[in-house]
Amino acid sequence: MNKLLFYPAIFHKAEEGGFWISFPDLPECLTEGDDMTQAYEMAVDALGLALTSRETEREALPKPSDPTKILVEKDSFLVVIEFDMLAYKKRTNPRAVKKTLSIPEWLNEEATAIGVNFSQVLQEALIQKIQAR
């Protein structure tokens, strides 16, 4: 999960100004923005919603299309959107979940004696484990 994902998006110039964005690999994913910066940010968020929704529904994530093989219409252009699933999940779902676990008593005593924050250590270890996949 540590890998960045790169999905092509088509930025269409909107008649009223700004852009509307579509994703060839995710037809349900549409968004818009008033300028290039906002359009890109909205594209990242829309992509995150579409991908996490598919993940929640246990659907496979589509393989990103080769950007060199996508044809765009007049007044449109291709932008490859960089997406980090782990960073997106951290940003959009920071809710804490209580977990009960067991460790050897001696380890608990040693860690407590030096002021270890158990929650922080577990979070860091889990992130490392996820990124190693």
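With which side chain does the side chain of His 12 make a polar contact of 3.0 Å? The partner is the side chain of Ser 76, as the first view shows. The model is a predicted one, in which local features need pLDDT of at least 70 and side-chain atom pairs count only at pLDDT 80 or more, while totals for chains, interfaces and linings use all residues. Residues are numbered from 1 along each chain as its sequence is written, and side-chain values use heavy atoms, with hydrogens and water left out.

**View 1. His 12 and its surroundings in strand β1.** Strands are DSSP runs of E with at least two residues, and helices are runs of H or I with at least four, numbered from the N terminus. His 12 counts as buried because its relative accessibility is 9%, where buried means under 20% relative accessible area with a 1.4 Å probe and protein chains only. Besides the contact with Ser 76, a polar contact of 2.9 Å joins the side chains of His 12 and Ser 22; such a contact is a pair of N or O atoms within 3.5 Å, one able to donate a hydrogen and the other to accept it, and residues adjacent in sequence count only if both atoms are side-chain atoms. Not counting residues up to four places away in sequence, His 12 touches residues including Phe 19, Trp 20 and Asp 75, contact meaning heavy atoms within 4.5 Å.

**View 2. The largest nonpolar core, with 20 residues.** A nonpolar core is a set of buried Ala, Val, Leu, Ile, Met, Phe, Trp, Tyr and Cys residues joined through side-chain atoms within 4.5 Å. The residues with the most contacts inside this core are Phe 11, Phe 23, Leu 26, Leu 47 and Ile 81. Its largest share, seven residues, comes from α1. Leaving aside neighbours within four places in sequence, Leu 26 is in contact with Tyr 7, Leu 47, Ala 50, Leu 51, Arg 54 and Pro 62.

**View 3. Helix α2, residues 85-92.** Within this helix, Met 85, Leu 86 and Tyr 88 are buried. Seen down the axis of α2, these buried residues fall within an arc of 160 degrees, so they line one face of the helix; the arc is that of the directions from the helix axis to the C-beta atoms. The buried residues of α2 pack against α1 (36-56), β4 (76-83) and α4 (118-131). At the start of α2, a side-chain oxygen of Asp 84 reaches to within 3.1 Å of the backbone nitrogen of Leu 86.

How values were computed. Buried means under 20% relative accessible area, exposed over 50%, partly exposed in between (1.4 Å probe, protein chains only).
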